[in-house]
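Colleague: I should like to learn how to read a charged residue, a strand and the cysteines in a model of this kind. Please begin with the charged residue.

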Amino acid sequence: MEKENNGAAENGFKRPEIKFTQLFINGSFVDSISGKKFETRDPGTGNVLVSVAEADKADVDLAVSAARQAFDHGKWPRMSGSDRARIMMRFADLVEERLDELAELECLDAGKLLFLTKIIDLDTAIRTLRYYAGAADKIHGETLKMSSEMHGYTLKEPIGVVGHIIPWNFPTIMFFTKVAPALAAGCTMVVKPAEQTPLTALYYAYLAHKAGIPEGVINVITGFGTTAGAAIASHMDIDMVSFTGSTAVGRLIMEAAAKSNLKSVSLELGGKSPLIIFDDADVDKAVDIARDASFFNKGEACIAASRIFVQEGIYGQFVEKLAETMKSWVVGNPFDPRVHQGPQVDEAQYEKILQYIEHGKREGATLLTGGRPCGKTGYYIEPTVFTDVKDDMLIAKDEIFGPVMSVMKFKTMEEAIERANDTKYGLAAGVITKDLNTVNRLTRSIRAGLIWVNCYMQMDVDCPFGGFKMSGLGKDSGLDALHKYMHVKSVVIPIYNSPWL
């Protein structure tokens with residue numbers, strides 16, 4: 001594998017301007033009440049990019065008060081769906097007009113590959129806004145066929161003030177995955193981006209206001225999970241929390257929600273997803289799918305295929321070809337279009353991944369490729385492949401959230417199903433085979449919320465996304481996501497002397 005120069009300013013790559021660093025509350029950028037700030041860093045160099053306002057409980061209270069006022073007395077929940085849709089479409093247009101600038105800002109703050117951020121993250125954001133804008137005027141209840149002389153129907157109403165807590169691995173995608181359906185439903189909200197990647201969320205708040213979304217509907221507070229995030233989870237005036245992140249933090253949010261006002265909770269949490277490759281697979285194609293499924297976004301993906309199960313008939317050939325293809329994998333400056341893998345998001349994540357790699361070595365797994373830091377500056381790690389991995393090893397059980405793949409051999413379909421399900425997670429899975437009967441059995445047997453067949457990581461805004469077991473509850477994307485931001489209210493009215501019930 002190769003290593004290219006890192007750092008946005010090197011090799012002629014221009015650093016984007018950072019325009020917004022304050023909190024966004026009730027339509028205005030403001031300093032935190034305490035005046036505190038924290039640093040966000042360029043993961044390509046480790047250098048400080050800028051200091052950002054640090055919110056705590058007092059700032060959350062202000063943001064929630066603005067969102068509450070906007071929901072209880074403001075225009076947004078009371079607009080027609082078509083009026084909300086028109087403004088959301090304008091919001092999407094403004095994001096599209098600034099696509100290059102926003103992609104560069106995301107790349108700088110999160111270490112994501114620039115060319116993929118443009119064609120995947122920003123494209124997904126724009127399509128997500130337009131998808132839910134198209135759904136905003138199609139929110140319908142049902143007419144109920146009551147068994148007595150009663151007329152019954154249901155109303156779907158916005159759930160209220162929503163707290164969105166979003167992760168650092170896909171800051172743009174997750175902002176719009178959560179904000180867009182909540183907007184379409186008529187909710188107001190407080191958004192807390194991850195402290196590692198706060199910059200694009202602030203820009204999106206500015207564009208939302210510019211598009212015509214009223215004051216108080218979208219508020220963005222930047223800060224830490226233990227303070228600002230905890231204040232959202234336990235706030236008595238927030239009606240719902242939508243969180244994407246670790247299972248450990250998801251537990252804390254559920255607990256805080258239960259102890260406060262029993263607010264609704266939607267959780268998209270961790271994963272340790274299996275990719276099962278059968279003997280009849282095209283080995284070259286399987287290698288490409290497995291590589292991209294494991295190392296896309298430097299392995300910082302909850303759906304990463306970090307457990308690769310390969311049937312014994314092609315195991316040796318698969319491992320040989322995988323080792324060969326990794327030789328051309330380029331790690332380096334995420335602004336460089338020749339690069340396949342940028343830096344990990346921050347020093348803490350970088351150190352955590354390296355510790356897991358050492359665990360794998362000590363537990364007896366065979367290091368096929370990688371396993372070391374890469375370069376002299378920044379948070380770069382070589383893509384790491386372990387073979388001879390046992391199911392009870394830490395690298396096979398824990399979500400590493402980095403460029404570490406575990407390759408394991410299996411004999412029978414029954415064994416593959418049992419081992420794939422032998423995890424506390426159930427977010428995603430993949431199957432590679434030419435046998436339709438194998439596909440049907442595997443897709444019905446694996447306990448996961450999303451299963452790909454002969455592909456991986458193929459996502460779309462119309463496809464519901466969410467896991468089983470300790471991978472969370474509730475769905476993002478699709479109409480399921482729109483409906484989770486609404487209450488269903490039943491109305492029953494007597495009818496008299498009607499020829500029909």
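Modeller: Aspartate 109 is buried (under 20% relative accessible area, 1.4 Å probe, protein chains only), yet has no salt bridge. A salt bridge requires a side-chain nitrogen of Lys or Arg within 4 Å of a carboxyl oxygen of Asp or Glu, whereas the nearest side chain of opposite charge, arginine 15, is 9.3 Å away. The model is predicted: local features need pLDDT of at least 70, side-chain atom pairs count only at pLDDT 80 or more, and totals for chains, interfaces and linings use all residues. Residues are numbered from 1 along each chain as its sequence is written, and side-chain values use heavy atoms, with hydrogens and water left out.

Colleague: Which backbone nitrogen does the side chain of aspartate 109 reach?

Modeller: That of leucine 199, at 3.3 Å. Leu199 is also among the residues that aspartate 109 touches (heavy atoms within 4.5 Å), as are Thr197 and Pro198.

Colleague: How does strand β17 pair with β16 and β18?

Modeller: Pairing needs at least two bridges found by DSSP. Strand β16 runs antiparallel to β17, joined by three bridges, while β17 and β18 pair in the parallel sense, also over three. Valine 385 of β17 is the bridge partner of threonine 369, and serine 406 of β18 that of phenylalanine 386.

Colleague: Why does cysteine 107 form no bond with cysteine 374?

Modeller: A disulfide is a covalent bond between the sulfur atoms of two cysteines. The search criterion is a sulfur pair within 2.5 Å, and the whole structure yields zero disulfides. The sulfur of cysteine 107 is 16 Å from that of cysteine 374, its closest, which is too far for a bond.

Note on methods:
Buried means under 20% relative accessible area, exposed over 50%, partly exposed in between (1.4 Å probe, protein chains only). Lys and Arg count as positive and Asp and Glu as negative; His and the chain ends are not counted. A polar contact is a pair of N or O atoms within 3.5 Å; within protein, one must be able to donate a hydrogen and the other to accept it, and residues adjacent in sequence count only if both atoms are side-chain atoms. Helices (H or I, at least four residues) and strands (E, at least two) are DSSP runs, numbered from the N terminus. Lists of a residue's contacts leave out its neighbours within four places in sequence.
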